[in-house]
Amino acid sequence: MALWDKFKQNAQTMQTQLIAKKNDLKSGAFRDASMAMCALVAAADGSIDQAETAKVAQLIANNEVLRNFDKDDLQRRFHAHANQLQSDFQLGKVQVMQEIAKAKKKPDEARAVIQIGIVIGGADGDFDPQERAVVREACFALGIAPTEFDL
């Protein structure tokens with residue numbers, strides 16, 4: 001199996017796992033960490049443009065697991081994190097990682113945040129090295145071994 005085919009299969013498997021846990025993923029910490037993760041993945045290369053922001057916002061709106069939350073609230077939180085990262089990437093990254101780390105208390109939610117990052121990162125057909133790197137860093141912030149997700 002080609003590497004890309006394997007990645008697509010893994011991303012689909014992760015989305016299926018997330019949907020199965022949908023009813024358990026309703027906390028504010030999960031919501032906030034997921035939106036921080038989405039912004040971090042979108043800005044993984046150190047910048048975020050309007051096209052990326054719009055694409056990720058659309059993915060958030062259409063993600064079945066995130067439908068547990070108000071769509072407008074999710075968009076507001078995502079854009080706030082994206083703006084932090086855009087205005088000062090290094091400082092924004094610290095703040096976003098702190099938000100992601102709040103999900104650490106519930107291991108299932110922490111893993112779901114990582115899965116959201118992988119699904120969002122691969123949605124454009126290319127889970128590039130910068131996206132993989134920030135998701136790997138988020139694993140450390142959540143106390144999860146990156147190898148659990150082949151990162």
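**Exercise 1. Find which residues of helix α4 are buried, and state what covers them.**

Solution. Begin with the term: a residue is buried under 20% relative accessible area, exposed over 50% and partly exposed in between, with a 1.4 Å probe and protein chains only. By that rule, the buried residues of α4 are D73, L74, Q75, F78, H81, A82 and L85. Next, look for the neighbours: the cover over these buried residues includes α2, α3 (50-62) and α5 (89-101), where contact means heavy atoms within 4.5 Å.

Two remarks on the model belong here. It is a predicted model, in which local features need pLDDT of at least 70 and side-chain atom pairs count only at pLDDT 80 or more, while totals for chains, interfaces and linings use all residues. Residues are numbered from 1 along each chain as its sequence is written, and side-chain values use heavy atoms, with hydrogens and water left out.

**Exercise 2. Compare the span of α4, and then that of α2, with the expected span.**

Solution. The expected span of a helix is 1.5 Å times one less than its number of residues, and helices are DSSP runs of H or I with at least four residues, whereas strands are runs of E with at least two, numbered from the N terminus. Helix α4 has 17 residues and reaches 24 Å from its first C-alpha to its last, close to the 24 Å expected. For α2, the 15 residues should span 21 Å, and the end C-alpha atoms are 21 Å apart, which agrees. As a last step, consider the cover of α2: 13 of its 15 residues are buried.

**Exercise 3. Describe how α2 and α4 pack, from the angle to the residues in contact.**

Solution. Axes are lines fitted to C-alpha atoms, for helices over the stretch in contact, and angles run from 0 to 180 degrees between N-to-C directions. Helix α2 (residues 28-42) and helix α4 (residues 71-87) pack at about 45°, with their axes 8 Å apart. Angles under 35 degrees count as roughly parallel, over 145 as roughly antiparallel, 65 to 115 as roughly perpendicular and the rest as oblique; α2 and α4 are therefore oblique to each other. Their crossing is right-handed, a term used when the near helix is turned clockwise from the far one by less than a right angle, left-handed being the anticlockwise case. On the α2 side the contact has R31, D32, M35, A36, C38, A39 and L40, which meet D73, L74, R77, F78, H81, A82 and L85 in α4. By class, these residues divide into nine nonpolar, one polar and four charged, where Ala, Val, Leu, Ile, Met, Phe, Trp, Tyr, Cys and Pro are nonpolar, Asp, Glu, Lys and Arg charged, and the others, Gly among them, polar.

**Exercise 4. Repeat the analysis for α5 and α7.**

Solution. Helix α5 and helix α7 (residues 129-142) pack at an angle of about 50°, with axes 9 Å apart, and they are therefore oblique to each other. The crossing of α5 and α7 is right-handed. From α5, the contact takes K93, M97, I100 and A101, and from α7 it takes V134, E137, A138, A141 and L142. Sorted by class, the contact has seven nonpolar, no polar and two charged residues.

**Exercise 5. Place A54 in the structure, and say how exposed A54 is.**

Solution. Residue A54 lies in helix α3. A54 is partly exposed, because its relative accessible area is 47%.
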